Each structure stands twice: as structure tokens, then as C-alpha cells.
Amino acid sequence: MVSSLGLPMVAQTLSPQQFIHWCLQGRWNLQRLHWLQVYVHKQLSREVQNPKSFWQAVYQLAQQENLLPLLYGILRHRDILPPEVEQAFSAAYYSNACRNSLLLRELTIVLQSFRQRGIPVLVMKGAALAEVVYKDIALRPMSDLDLLIQSSQLPQARCALMDLGYALTGMELHTGYTEEFRSEETWCKSGVIPVAIDLHWGLLNRLYYQQRLPLDWLWATAQPIQVEQTPALTFGTNAQILYLSAHLLLHHDGKGWLWFQDIAEIIALNPDMNWAEIFHQAAAYDLVTPLQRVLTTLVHQWHVPIPASILDQLAQIKPSPAEAHVIRYLETGHLGLRLRLFLADLLGATNWRQRLRFAWNTLFPTRAYMQQRYRIPKALPIWLYYPYRWLRAFRP
């Protein structure tokens, strides 16, 4: 049902959250933007007690969700935002354009170095999405650059980054801990803007998936892209949907509008997606739950054009007992997040020996790590700080 103003009856009064959702949907549904224009000019001042506070709330929420550049790209010159609000959105857009230009330029240098050393690499997340999906590098903010390599190439990749002036951040809990129990590490370099590179050799950071999730399909279905005229590879469309859904649920607890928007954009751009292959790989990789949760949210809140029959097919796929067990640990509400992750990783170990090694390394890091992490004076005994570490890390 549509009102006399051309607005759906359910949207007679929009909250800041609904306003932003409608803006985001305007990327694939221009009618949403027409309705917003009508709403702003004919209803907002009557139905919202304080329009100025409404726009402040829109700005603050968009800033919190890292959506200011994208919203400016959607709304600019559409006579929807007040001039002063559009100017603030514009500043975020052009600032992000400058930052992303510098980041992508640095990425080309890294890619060329890897290529010279014969290191295959896949560009992940924002660096791949900005040009390929959003078609404008200014729209998609990037906090860092994410690259996926094969685990056998890790020593060569580390040497390449060191030669380019990057330094590994932080300190390992124990020698070899990162390679055995994690799937990524962060390298940083100072400059006009600091650059952080997350170097991945596994798809997900949870131990269960590191040990059981083969990457052959991701490499076999990779697609060529151009990063500032430099050839590169990124995930194929189907792999991208599966990975981003898993990353959103397992790494970000299903929170973050920008992550949802990434997946929505890919689906809207590819109406003829091979859902059968995505569902098959989700079951094979034990990633059914993330796909079910994320796609359901995208349909009901983002109104992404996914046929109901596709959601019905997905709902009929049952997660394996092992996947259900891992998800259950990750979502145990009365436990703190870090404790949930710790227990999920314990469950993910392949045997009791590895499980004990993981627990010992996590609970009792080296003296050097403890002194750096907690700034312990040399005069104090290290063992006094281990209970402090546990209480601090595992509190609800």
C-alpha cells in the first residue's frame, strides 16, 4: 500500500536507522531514493519533532558504521540532504578518496614485489571491492589491506614485506604460535599515512576452520582484477559471498552495516548467481549457518533481491553437527567474547595434544610477551600477572 505522498504506508515516519537503510537500498532500487526525496520535503518537518537532531543522528550513525562516503555517493545532488549535512558527508567522501588512493598505490608496490618473487596472492575485502563492486574507490573505506597467500609462501612473503620497510606488529605468545593457531598477521609501515597489511594464509581465524577448510576452490575460481592498472586476483563471485558471510558472522559477530552492504552489492550486481554452487560449498566448508543468517538479514532488512525460493532451499540445508557445535560455543551468551573464542578454538583442535598446546600457549605466554603486553616492571615476578591476564581476557 502506498500513501498519497508516494511513500509505503509502513514508512510514514522514518527513524535515522531506517533512513540510512533506504539510502543504501538506493544503490539497486532508485525508487527508494525518490520516496526519500518526497519524505524529506513533505513529511519530515511535520512528523519529526526536531529535524536538526534527526540529521545529527543520521550523521553520527553513518559515521559509526563507516558509511559516510558511500551515503554521499548515493545522495549527492539529489536534494535529499540539507546543504550543511551534505557538505559534511562530502568532506568524508573526499578524505576517503585521498586515503584510498594512497593505500591502493602502496598495494600496487606490494603486489609487484610479490609477483617478482613468484608469490601468488589474492586481494581481499575492501581493496578488491572498492573498484570491482562499488566502481568508485572513494565509496568503500579501508582500514587496512588484506592479502591471501598460500601457507608455503609465508617465509617469502615476510621477506618481501620487510624489504619494503614493513615491520611485524606485536609479539607472538610463543614461537610458532601464529603459524600453528592463527591464519593471519599484521605488518605496518609508516609514511604519509600509516599502512597496515593483514597477511592471511587461511580463510578464517578460528582454529576449527584453519585446520579443515581447504582453499583449492578459492584459488581455482579466482578472478583477475586491476588495482591501479596492476594485474591482481580476487575471489570469484560465489567464493566472495561465502567468505564475506563467514567473516561477518564469525569475526564480527554478525554486526557491521558496511559488511552487510558489501554482500548486498555483490548480489545486486549478479542476479544470475550460481546459488547451487554456493550452497554446495557452504555445506562442504561447514559454513551453512553464516550463509543462512546473513542472507536472511539481507532479504528482510536490506531488501536485497534474492528470490524466496533460494532462501527456502538454503533453509533446508542442515549444518553439520561439528559446525553446530562450534557456532554454539561462539554464541554462548553468558560468557565473554574472548572466552567464547578460546573455547571454540579448543574445540577446533584436531587432537588432545594440539588442544593442550594451544591452551598452554594461550594461558601462559612467554616472559617477553608478558612484559611487552602488560608493561611489567622487571622487579616484579611474571607469574603474578597470569591471573590478571585471564581475568581481563575472559571477563563477561
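In this predicted model, strands β4 (residues 184–189) and β5 pair with each other in the antiparallel sense, and 6 bridges hold the pairing. The link from β4 to β5 is a hairpin that passes through 5 residues. One place to look for the pairing is Lys189, which stands opposite Val195 in β5.

On its other pairing, β5 is joined to strand β2 (residues 145–148) by 4 bridges, and these two strands run parallel. Here Leu147 is the residue that stands opposite Leu199 in β5. How much of strand β5 (residues 195–200) is buried? The strand is mostly covered, since 6 of its 6 residues are buried. In a regular strand the side chains alternate between the two faces of the sheet. In β5, Val195, Ile197 and Leu199 point one way, whereas Ala196, Asp198 and His200 point the other way, and all of them are buried.

Stepping back from this one strand, the reader can follow an open sheet of 7 strands with mixed pairing, in the order β3-β4-β5-β2-β1-β7-β6. The edges are taken by β3 (167–168) and β6 (223–227), each of which has a single partner strand, so one side of each is left without a neighbour in the sheet. Elsewhere in the sheet, strand β1 (residues 122–124) runs parallel to strand β7 (residues 230–234), and 2 bridges join them; the bridge partner of Val123 in β7 is Thr234. Helices also pack on the sheet: α7 touches β1, β2, β5, β6 and β7, and its direction makes about 85° with that of β1. Helix α8 packs on the sheet as well, touching β4 and β5, with a direction that makes about 15° with that of β4.

From α8 the path leads on to another helix. Two packed helices are described by the angle between their axes and the distance between the axes. Helix α6 (residues 83–116) and helix α8 (residues 154–163) pack at an angle of about 135°, and their axes are 10 Å apart. The two helices are therefore oblique to each other, and α6 passes α8 in a right-handed crossing. Where they meet, Val110, Ser113 and Phe114 come from α6, while Ala157, Ala160 and Leu161 come from α8.

Helix α6 also holds Glu106. Is Glu106 buried or exposed? Its relative accessibility is 11%, and because buried means under 20%, Glu106 counts as buried. Apart from neighbours within four places in sequence, Glu106 is in contact with Tyr166, Lys189 and Val195, and of these Lys189 and Val195 are the residues that stand opposite each other where β4 pairs with β5.

Another helix, α13 (residues 257–269), allows a simple check of length: at 1.5 Å a residue its 13 residues should span 18 Å, and its end C-alpha atoms are 18 Å apart, which agrees. This helix is mostly covered, with 11 of its 13 residues buried, among them Trp257, Trp259, Phe260 and Ile263.

Two loop residues complete the walk. Lys135, in the loop between α7 (125–132) and β2, has a phi near 65°, a positive value in a residue other than glycine, and with a relative accessible area of 60% Lys135 is exposed. Arg375, in the loop between α20 (367–374) and α21 (385–394), has a positive phi of about 50° although it is not a glycine, and at 75% relative accessibility Arg375 counts as exposed.

Note on methods. Residues numbered from 1 in each chain as written. Predicted model: local features only at pLDDT ≥ 70, side-chain atom pairs only at ≥ 80, totals over all residues. Heavy atoms only, no water. Buried < 20%, exposed > 50% of the residue type's maximum accessible area, 1.4 Å probe, protein only. Pairing = 2+ DSSP bridges. Expected span 1.5 Å × (residues − 1). Axes fitted to C-alpha atoms, helices over the stretch in contact; angles between N-to-C directions. Parallel < 35°, antiparallel > 145°, perpendicular 65-115°, else oblique. Left-handed = near helix turned anticlockwise from the far one by under 90°. Contact = heavy atoms within 4.5 Å.
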